[in-house]
Amino acid sequence: MSHPARPFALLLAVLAAAACAPPAAVAPESAPPAVGGVEVALTADDEVFLDTLQARTFRWFWESTDPETGLVPDRAPTRAFSSIAAIGYGLPAYGIGAERGYVTRGEAAERTLNTLRFLYTRPQGTEQVGTAGHRGYFYHFLEYDGGTRFGNTELSTIDTALLMGGVLFSREYFDGGGADEVAIRAYADSLYQRVDWPWHRRAGETRLTMGWYPEVGYGPAVWQGYNEGMILYLLGLGSPTHALDEDVWPAWTSTYEWEDFYGYEHVNFTPLFGHQYSHLFVDFRDIQDEWMRGKSAELGEPYDYFENSRRGTLSQRAYAQDNPQSWTGYGGDVWGLTASDGPSNEAHEFRGERRQFHTYWARGASADHVNDDGTIAPTAAGGSLPFAPRETLAALKEMARRYPGTLWTDDYGFRDAFNPSFTFRDARIKQNSEVTDEGWFDHDYLGIDQGPILIMAENLRTGLVWETMKRSPYLVRGLERAGFRGGWLDGARPAQAAPLDLPPAADAGGAAEDALLVVVLGSSTAEGTGPEHADSTWVNRLRVYLDDVDPRFEILNLARGGYTTYHVLPEGSTVPADLNGAPDPLRNIDAALARDPDAVIIGLTSNDAARGYGEATQEANFEAVAARAAAAGVPLYVTTTAPRNLDAAGRRSQAAVRDWILQRFGDRAVDVWTGVALPDGRLDPRWDAGDGIHQNDAGHRLIFERVRDAGLAEEVLSGAE
């Protein structure tokens, strides 16, 4: 059952007393240290460039964000959903904007309060739809219209932690006695303290899992190795209400990999964001945990996480200078690999060999592995500004000089990514991007890439975010419990915050004993991609319809974007060597049948053809799934393939599999092709969500109507009598 969050007596009392009581946030017992950035002599040209960079990047957050809800877009101008990590980066952006005079402090406080209040009042619970999170955690992506879960995204540990980093910055920055600032601190305390950090791990496991799904429970991955997960564990250790055990930190550091990469020995992580995200909020200079103290003794000189990120940054620059794959444009002043957009998922001939390119991908280079398709993201250098000011500033200034208008814009600074090697004008490229004579250029700006640029530029210049966070009793406690000491931490004495009396969270429950359960397997269309509103997806329309037919109906949606027929095969099936995660034991036919469903629907509309899997392969995979369902006595409904803007061969394959599904599954086949496809098999623009792949609100309504009219409800009800 859902339990909408609500302000509690403590919070209300604080707000009511705002005019006569001291601030709710706990101030340090002595004056904070003077704000100071990294010790580096910036030239007048550097200062002017950083002024422009910060002003433009701040403008993206201010103008792209909903001022009433504080929902920051995952990306813009393409808008699909809000990212909670981007919200976490937006919150410090408002403080930076106030300090630099882009907005008034009052305007920044109003935007911040709207954000925290909106997040706090979103419903939390175990339902698949209609909630923003569970046990204080938030889903990775939220719908714009109501701030609730987007699609089948996971309840994310790291994205919640990055959000809480911004929340705790707001708590310390807005330290005034006015009603808005008092309320900000109260909401920040409540948001942070209700996160049940230890809950997000499997039984017997010390480390936290990366995601939880109401449909399937915890995902398989845990936070280990060196990466952005430091902030997650530190904030979990600092909680006065739901603290992690101290043994989580040595368990975390025990999985570090110390390797040399291009002459820089350091704890490796491949994309640069892993060296940056925790450092946005924590000044790791001169503070050490037990692992770093041991490494310092081994090296015979002080070593800390700041120095580690400096080496990780410079090793990537050295890799670009070497340029072992001979990509166009790489060098000492144009470099930077991290998770970012990219041009295409196609392979093309480049310098005499066939190279595979990618759209969004965790690019990077380390001793562990290299993910490099020639795509550079300015945030890779921008997020490392304090670590290597000279090298990163030179790179940002050169990218701005070399690509004005296409990469460096007057509106919002740097677009997300570019690829000088990708000049293939006939390629199918990412939506909202272009190919020019100078290469491929994204047109989107990503919140999680804009944030590091703005925040780290400010940390370089003034240390604002770092110094503000040093006043956080939660962060200081987390660092101390992780074993950090030395440097500024030895002098940090913020008064400890008292635990709040928050209501218990709901436990995840299964279906009712008399439920009529329908399980959906499939890919992104079944997951919910395409419509502007969550209520418009075909699965959610079906959910409402079935509930009206009989309240016992429940839908469990296990669909996942990018999935193929291989992903839903029974456990132990043979799959291509290059296809990771298939079959998926959490989302395949075995997982569906384990729930003892009354019916299963499969919607796999185009990914097999897009990956080049032939008709015979798809048909054999469908047969294997159908045989498993038949053996269990469960009705299996299968949607046909759907039109997609593939090449001619791909569209012919789609049509052939469509005809086979209609013939093979008869009355349980659902035709989602007729009336939606153009004569050549492309997606009719009337139904196109804008990418030539997914269908819009009207298209999802049509899919729902055809699933409804296939007779599933009638068959299930007749079997239940």
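The paragraphs below lead through a predicted model, beginning with its nonpolar cores and ending with some details of its backbone.

A good place to begin is the interior. The largest nonpolar core has 143 residues, and the members that touch the most others are Met164, Trp197, Trp249, Phe284, Met399, Leu479 and Phe484. Helix α3, which covers residues 84-99, gives the most to this core, with 10 residues. A second core, separate from the largest one, is made of 33 residues, including Tyr213, Val216, Ala629 and Leu636. To see how one member of the largest core is surrounded, the reader may look at Met399: when residues up to four places away in sequence are not counted, Met399 touches Val334, Trp335, Ile376, Pro378, Ala381, Leu407, Phe414 and Phe418.

From the core we turn to a helix in the interior. Helix α7 spans residues 230-237, and because eight of its eight residues are buried, this helix is largely enclosed by the rest of the structure. Those buried residues run from Met230, Ile231, Leu232 and Tyr233 through Leu234, Leu235 and Gly236 to Leu237. What do the buried residues of α7 pack against? Their partners are the helices α5 (157-173), α6 (179-193), α8 (248-253), α10 (305-322) and α15 (473-481). With α15 the geometry can be followed in detail, since the axes of α7 and α15 come within 7 Å and cross at roughly 100°. An angle from 65 to 115 degrees counts as roughly perpendicular, and α7 and α15 are therefore roughly perpendicular to each other. On the side of α7 the contact is made by Leu234, Leu235 and Leu237, while α15 brings in Leu475, Arg477, Gly478, Leu479 and Arg481. Sorted by class, this contact of α7 with α15 has five nonpolar residues, one polar residue and two charged residues. Leu479, which takes part here, is also among the residues that touch the most other members of the largest core.

The next region is an open sheet of three strands, which follow the order β21-β23-β22 with antiparallel pairing. Its edge strands are β21 (418-419) and β22 (433-436), each of which pairs on one side only. Strand β23, residues 439-442, is joined to β21 by two bridges, and Phe418 has Phe441 in β23 as its bridge partner. Phe418 also appeared above, among the residues touched by Met399. Between β22 and β23 there are four bridges, again in the antiparallel sense, with Ser433 standing opposite Asp442 of β23, and a hairpin joins β22 to β23 through two residues.

The loop between β21 and β22 holds Phe424. Is this residue buried or exposed? Phe424 counts as buried, because its relative accessibility is 15% and the cut-off for being buried is under 20%. Phe424 and Val435 are 11 residues apart in sequence, yet their C-alpha atoms are 7.1 Å apart in space. Apart from neighbours within four places in sequence, Phe424 is in contact with His348, Glu349, Phe357 and Val435.

A second open sheet has five strands in the order β26-β25-β27-β28-β29, and here the pairing is parallel. At its edges stand β26 (553-557) and β29 (669-670), each with a single partner strand, so one side of each is left without a neighbour in the sheet. Five bridges pair β26 with β25, residues 516-522, and Val519 has Leu556 in β26 as its bridge partner. Helix α17 (residues 538-549) lies across β25, β26 and β27 (599-603), and runs at about 165° to β26. Helix α21 (residues 648-665) lies across β28 (636-639) and β29, running at about 160° to β28. Arg658 lies in α21 and counts as buried, at 18% relative accessibility; leaving aside neighbours within four places in sequence, Arg658 is in contact with Thr640, Thr641 and Trp673.

Some details of the backbone complete the tour. Most residues other than glycine have a negative phi, and most peptide bonds are trans. Against that background, Ala76 and Pro77 are joined by a cis peptide bond with omega of about 15°, and Pro77 lies in the loop between β2 (75-76) and β3 (82-83). Another cis peptide bond joins Ala582 and Pro583, where omega is about -15°. Phi is positive, near 60°, at Ser326, a partly exposed residue at 33% relative accessibility. Asn432 likewise has a positive phi near 60°; this residue lies in the loop between β21 and β22 and is partly exposed, with a relative accessible area of 24%.

Technical notes. Residues numbered from 1 in each chain as written. Predicted model: local features only at pLDDT ≥ 70, side-chain atom pairs only at ≥ 80, totals over all residues. Heavy atoms only, no water. Core = buried A, V, L, I, M, F, W, Y, C linked by side-chain atoms within 4.5 Å. Buried < 20%, exposed > 50% of the residue type's maximum accessible area, 1.4 Å probe, protein only. Contact = heavy atoms within 4.5 Å. Pairing = 2+ DSSP bridges. Axes fitted to C-alpha atoms, helices over the stretch in contact; angles between N-to-C directions. Parallel < 35°, antiparallel > 145°, perpendicular 65-115°, else oblique. Nonpolar A, V, L, I, M, F, W, Y, C, P; charged D, E, K, R; others polar.
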